[in-house]
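Visitor: I should like a close look at one part of this structure rather than a tour of the whole. Please choose a sheet and explain how its strands pair and what packs against them.

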Amino acid sequence: MGEVSRGARALVVCPDIRGVAYDLDAESRLAEAEGLALAIGTVVADSFVLPVRQVRPNLLFGAGQVENIRIACEQNEAELVVVDGALSPIQQRNLEEKLGRKVIDRTGLILEIFGERAATAEGRLQVELAHLDYQQSRLVRSWTHLERQRGGFGFLGGPGETQIEADRRMIRQRMARLSKELEQVRKTRGLHRERRERAPWPVIALVGYTNAGKSTLFNRLTGAEVMAEDLLFATLDPTMRAIALPGVEKAILSDTVGFISDLPTQLVAAFRATLEEVTAADVICHVRDVSNPSSDAQKKQVLQVLADLGVVDAQGETTTIPIVEAWNKFDLLGAEDRAELMQVAASDDDIVPISALTGEGVDRLLARLESLLTSAARTYELELAAGDGRRLAWLHQHGNVLADEAKGETGKRRLVVKLSEKDFGRYQSL
């Protein structure tokens, strides 16, 4: 069996195992699996849900079902079978032997996408570490590449890669080295974050399910050209840009990796540092695709990850950081659905219907973000030396100066300034 390249025809199979509680219904999971397969450049030749009454330890599916998959592969000329679930190494090997084709499970598929899309040094290290963690319990197959100059770590290899037949000891050694490198990168990220926290500008983090439109909104607000395509995981590495808000001189907008249901455990751990950017934000903007029938289930997934990060409680209600919901893709809704959701949004200040594509509602979203960033401001009475121009300029730049007057013959100035608690802390450290 040779290399499978981009454009390979894939058969997508979504197991629906009896007794397993899924976050999404079977059809939504199938649609998502198709999206994942498309995201690595395959052609989805056919796809279907396969009910599994009893999991077979050696194949997952029953013998008759495996034969049906084989026939579907023949009929659709599929070179690859994508199973939207976790396969044990034995199940994966046995299925490949029975079907005569490469088989990849959900974890391998997501790792493949992440490997291709990671652009920063940290992103590439995290993906490789996650992939090695996944591979160490499996036979190293002929299409596994443990060292590449850039991008994917699975079967979609390009020219010029070095293929290494590595045993588990070599994998563990490589993982140990990667972990050290990643720790150094995380320390550097931490220093950058501390520097940002000392800087005067508040941070707004965009979060949301993958393909909800975060990058499109990010581009509209910043004028940047971040990759924004109708693909799952179109962007992976966090991107930051400065934006202007009414009443706030400057804010930093951070676009984070999209969330997804059943994210492989290897990646949850590996991308923790990326998601930690969210915990340093002053406001979180949760971008939701309200045109998607699974929008509520996707919201649940996002809140679960935020709960894991300590941003919200287990019920997704009490938050340590204010959260605004941007109900995106409003332009795709019919008149009746629009009216119904507008009524819901009207009763909650923290819900703003928008279309990142057309710009509808974006001004209202910016106004709400500005309101949250400035609402915690308190009034302080401060005294400065008359010649302390640096602090005086800082207060005028970052606060709302209500009064500024000379204090008799003392050579002091009295100021009444409205500042957020965070800015007051920054002022004290000047």
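Guide: Let us begin with one pair of residues: N400 stands opposite K418, which belongs to strand β13. The model is a predicted one, in which local features need pLDDT of at least 70 and side-chain atom pairs count only at pLDDT 80 or more, while totals for chains, interfaces and linings use all residues. Residues are numbered from 1 along each chain as its sequence is written, and side-chain values use heavy atoms, with hydrogens and water left out.

The sheet to examine is an open one of three strands, arranged in the order β11-β13-β12 with antiparallel pairing. Its edge strands are β11, residues 378-385, and β12, residues 400-406, and each of these pairs on one side only. From one strand to the next the twist averages 15°. Strands here are DSSP runs of E with at least two residues, helices are runs of H or I with at least four, and both are numbered from the N terminus. Two strands are said to pair if DSSP finds at least two bridges between them. Strands of a sheet pair through backbone hydrogen bonds, either parallel or antiparallel.

Consider now each pairing in turn. Six bridges link β12 with β13, residues 412-419, in the antiparallel sense. Along this pairing, D404 has L415 of β13 opposite it, and A406 has R413 of β13 as its bridge partner. The hairpin of β12 and β13 has five residues between the strands, and within this hairpin G408 takes a positive phi near 60°. On the other side, β11 and β13 run antiparallel and are joined by eight bridges. One of the partners in this second pairing is L419 of β13, which is matched with R378.

Helices accompany these strands. Helix α13 lies across β11, β12 and β13 and runs at about 25° to β13. Helix α14 also packs on the sheet, where it touches β11 and β13, and its direction makes about 15° with that of β11. Such angles, from 0 to 180 degrees, are taken between N-to-C directions, with axes fitted as lines to C-alpha atoms and, for helices, over the stretch in contact. Contact means heavy atoms within 4.5 Å.

Which residues form the aromatic pair that a search of the whole structure finds? The search finds one such pair. It consists of W394 and Y427, whose ring centres are 6.4 Å apart and whose planes stand at 40°, so the pair is tilted. W394 is in helix α13, residues 389-398, and Y427 is in helix α14, residues 421-428, so the pair ties together parts that are 33 residues apart in sequence. The rings considered are those of Phe, Tyr and Trp (its six-membered ring), and they pair if their centres lie within 6.5 Å; planes under 30 degrees apart count as stacked, over 60 as edge-to-face and the rest as tilted.

Are the two members of this pair buried or exposed? W394 counts as buried because its relative accessibility is 12%. Y427 counts as buried because its value is 5%. Buried means under 20% relative accessible area, exposed means over 50%, and partly exposed lies in between, using a 1.4 Å probe and protein chains only. Y427 has a further neighbour, R391, which lies over the face of the tyrosine at 5.1 Å from the ring centre. A charge sits over a ring if NZ of Lys or CZ of Arg is within 6 Å of the ring centre and within 35 degrees of the ring normal. Elsewhere in the model, R29 lies over the face of Y22, at 3.5 Å from the ring centre.

A second sheet may be set beside the one just described. It is an open sheet of four strands in the order β2-β1-β3-β4, and its pairing is parallel. Its edge strands, each pairing on one side only, are β2 (43-52) and β4 (102-105). Neighbouring strands of this sheet are turned by 20° against each other on average, direction ignored. Nine bridges join β1, residues 9-17, to β2 in the parallel sense, and among the partners C14 is matched with V49 in β2. Helix α1, residues 26-39, packs on this sheet and touches β1 and β2, with its direction at about 150° to that of β1.
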